[in-house]
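The following exercises are to be worked through with the sequence and the structure at hand. Each task is followed by a solution in steps.

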Amino acid sequence: MTNPVFGSSAVPLTVALKNTQKVFSDVGVAEFTGRGWLVAYVDAFLRERNCGFLWVEAEAGLGKTALAAWLVRARGYVSHFARHTQGGSGRVGLRNVAAQLINRYGLSPRFAPGGMLPDWVSEPEGFDALLTEAAEQARAAAEPLVLVMDGADEAEAPDGGMPWGLPSLLPEGVFVVGTYRTGSRPSYSESPSRVVRIDRADTRNQADVRQYLDRAVRAEPVAGRLAAAGTSADEVIRLLVERSGGVWVYLRYVLAALRTGQQPVDELGSLPADLSGYYARQVTRWQETPGWARTGREILATLVAAREPLPYNSLGRLSGVGDREAVRHWCDLVIRPFLTADDGPGGRRYELYHATARSFFGGALEELQDDRLKILAAELTEGVARAHRRMAERYVSEFGGLGDRSAGPGEENGGIGEENGGAGEGNGGEPLALLAADPALASVDGGYALRHLGHHMVQAGWSTALSRLLAAESPPGGRLAQNVWFTAHEYAGSLDTFLDDVELARRDAVRRTDEALERRIPATALAEELRYGLMAASVASHTDSVGPELLGQLVERGVWTAARGLAHARRLSHPGDRFRALHALQPHLTDGPRLSACQEALEAVRACDFVSISSLNGHHYFTPALVIPHLPEDRRAAVADEAVAAALECVVGDLRGQLLATTARHAPPALGRKIALRALEEMRSEEDDWCSADSVSAVVSILPLLPGRVQDDALAEVKVALLGGDFTRGAPGTGKPCYPCCPPRSRRRCSPRPSRMPTARGTSGHVRVIAWFFSPFCPRSRARRSSRRPSHERAPPPSRENAPAP
């Protein structure tokens, strides 16, 4: 590769965390009913064991996720759900759980310094070390550490181990309450393990179903529709219990259709006797709906292929349906009972609710005996394959093609034709030329392509295109080449998803290498494995090459957006640089991102192993005080107290004073005055450094906070120290540190003027320094007297001949 690309080796804790509220909303955890017998199993296992795995096994649709969501919401357990975006990924799962453990047990200093979660923590070995530390904290608090892991059957199992890479041997006091679909039991664990099964015919499950239905059918609008049809609630409960067979997701669909009026009350008795039959009946009805072939089928296939919820506009674009009203009609009316919807920044977003719906509508119909269903399965499978292909082609075409005439999607595996103008052919020239010219193109559909284009390429049978995507450079070849796909991710601040594509390609290369070795042919993909490893490993060096000062200038001058700058700042490897960068970005951020950046800056400064540095860019303090002005008022006093405590830990007296002065300047006024007095006291204690530029700058900054008499004394003491000392030691930094510390009204008078700054020893030089620093705070006559030259240095008065003309 001509120009190595770089990414990030760590992500902020806030990025690693997944939002469980959407899961709670999707599964209707507020309507959770029954299941007391299952909860009793959980409690007994936690009580009787020192550690171990408790697995809840059930067929699809029997309420496993609802139970897991209830445990998390009611008891506050650490959790991960496979239904999260990319939730089946081992790295995503361990990263989410790790972030929760770090926040809960205060483990940031060791495992996430500065609020950044390193990649090694989301690897099985690193996660094991984190879990062991968290277990010690939990035992000290005399409480169990419970991880709720839902959907183990959908999770990766690295090297045939436990789902998500969980440790097989759990530390004492750690319990995993997991769920999986019948037939997908996780591998053997070294810790105690127990399985609790939910059987649809179990009398306890049937009783829970009746209890749930008794409440649901007696609530509006279902109760009103039953009354209008002259049907009793008890009769409907009996019918639904019988037809659903104890499958909860079946009930959800039927009740949703009753609420919207799509399910006639008088047809409840003809409902199919199982979930697959219900799905097949729905598809059959949709096929009879006008517009199915051109609109409905493509929308449904796109929803199956999509990796995250999609809004109307994106769903229409990716499905090839240009009629927005048609998209709205199908999503809001026809297939609405099978979807979840949430309102996001881009409008209402839709996705299929249940994994069984995604499987069935994707053509995965098991044990087919009916020829009609076999034909239906083939149609659905082809539709989803076409959706993956269409999505990959559309994005590649919009980004300028891959720049060659090689096979398009599907041609590698059997010659399926291309669509949308032959995106697979590219333009025969520079790859991703349009994206290289404008990285913002990747933000289309909310940046969906950045997150999932690689997945759709693989699913479309276009796996080698992913390698070309990751190798695309602009201009091609040469020392100045830039990796286009990396640049687009960097521009959007999504380097963690860039690494997901690298990992996806690496796994494909591993698969091809293993196949070649088994067939005893040259393993050409081994070079690709090494290449992808280098791409992932060289992340931090590129990120750190754009330091805080340059980053601030890029955002201030509009070269980078604030969002891009924030994403870059979060990935700086050194906590000191990350703190300075986050602080520099504060004026450019809106309220939400600003508060998040403030919290991350506080975490970064707490991880710093030093409190002050001097550089070509001036003197920098690392103190929580600098964040105070950007915090809500109710948090400022607490952070000021933290900054004072951190300053007092410094062993150097004058530096303690300087840090306290910085804190006083930013603290709430009443607290700031008290801190200013303490700062002055600390600086007075270091007579040798009393006349340094930094100390003088600190004194100047707190003068407005000092009482009148104390202010006069401070002026006099510093003046004496300057007159009796050698100021040249601080001369190189004299003006620069002082300027930002002065009040705004004084900055013009205190702005650096090299011609007036002393650079040599001598009483007159010291006197001019005094005048320069203290003129904003001294009486005018005193300032004039302090700055007046001795008589032997004064220029003679102009002679009459040289006098200026009036």
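**Exercise 1: A sheet and its strands**

Five bridges join β5 to strand β6 (residues 174-181), and the two strands run parallel. The model is a predicted one.

Task. Determine the order of the strands in the open sheet and identify the edge strands.

Solution.
Step 1. In general, the strands of a sheet pair through backbone hydrogen bonds, either parallel or antiparallel.
Step 2. Between β5 and β6, valine 148 has valine 177 as its bridge partner, and valine 146 is matched with phenylalanine 175.
Step 3. β5 also pairs with β3 in the parallel sense, over four bridges; here valine 78 has leucine 147 as its partner in β5.
Step 4. Five strands form the open sheet, in the order β3-β5-β6-β2-β7, with parallel pairing.
Step 5. β3 (78-81) and β7 (193-198) are the edge strands, since each pairs on one side only. From one strand to the next, the twist averages 15°.

**Exercise 2: The surroundings of β5**

Task. Establish how many residues of β5 are buried and which way their side chains point.

Solution.
Step 1. Six of the six residues of β5 are buried, and the strand is mostly covered.
Step 2. Leu145, Leu147 and Met149 point one way, whereas Val146, Val148 and Asp150 point the other way.

**Exercise 3: A helix on the sheet**

Task. Describe how α3 packs on the sheet and which of its residues are buried.

Solution.
Step 1. α3 touches β2 (52-58), β5, β6 and β7, and its direction makes about 175° with that of β7.
Step 2. The helix has 13 residues and reaches 18 Å from its first C-alpha to its last, close to the 18 Å expected at 1.5 Å a residue.
Step 3. The buried residues of α3 are Trp37, Leu38, Val39, Val42, Ala44, Phe45 and Leu46.
Step 4. These buried residues pack against β2, α4 (64-75), β5, β6, β7 and α8.

**Exercise 4: Two positive phi angles**

Task. For arginine 35 and alanine 142, decide whether each is buried or exposed.

Solution.
Step 1. Arginine 35 lies in the loop between α2 (20-27) and α3 (36-48). Its phi is near 70°, a positive value in a residue other than glycine.
Step 2. Buried means under 20% relative accessible area. Arginine 35 has 2% relative accessibility and therefore counts as buried.
Step 3. Alanine 142 belongs to the loop between α7 (124-140) and β5 (145-150), and its phi, near 55°, is also positive.
Step 4. Exposed means over 50%. Alanine 142 has a relative accessible area of 72%, so this residue is exposed.

**Exercise 5: Two cis peptide bonds**

Task. Locate the cis peptide bonds that involve proline 221 and proline 475.

Solution.
Step 1. Glutamate 220 and proline 221 are joined by a cis peptide bond with omega about 5°. Proline 221 is in the loop between α8 (203-216) and α9 (222-229).
Step 2. The bond from serine 474 to proline 475 is likewise cis, with omega near -10°. Proline 475 occupies the loop between β11 (473-474) and β12 (482-483).

**Exercise 6: A buried charge**

Task. Find which side chain of opposite charge is nearest to aspartate 501.

Solution.
Step 1. Aspartate 501 is part of helix α22 (residues 495-519).
Step 2. A salt bridge requires a distance within 4 Å. The nearest side chain of opposite charge, arginine 307, is 8.5 Å away, and the buried aspartate 501 has no salt bridge.
Step 3. Leaving aside neighbours within four places in sequence, aspartate 501 is in contact with Leu450, Gly454, Leu466, Leu470, Trp485 and His489.

How values were computed:
Residues are numbered from 1 along each chain as its sequence is written. This is a predicted model: local features need pLDDT of at least 70, side-chain atom pairs count only at pLDDT 80 or more; totals for chains, interfaces and linings use all residues. Side-chain values use heavy atoms; hydrogens and water are left out. Buried means under 20% relative accessible area, exposed over 50%, partly exposed in between (1.4 Å probe, protein chains only). Lys and Arg count as positive and Asp and Glu as negative; His and the chain ends are not counted. Contact means heavy atoms within 4.5 Å. Two strands pair if DSSP finds at least two bridges between them. Axes are lines fitted to C-alpha atoms, for helices over the stretch in contact, and angles run from 0 to 180 degrees between N-to-C directions. The expected span of a helix is 1.5 Å times one less than its number of residues.
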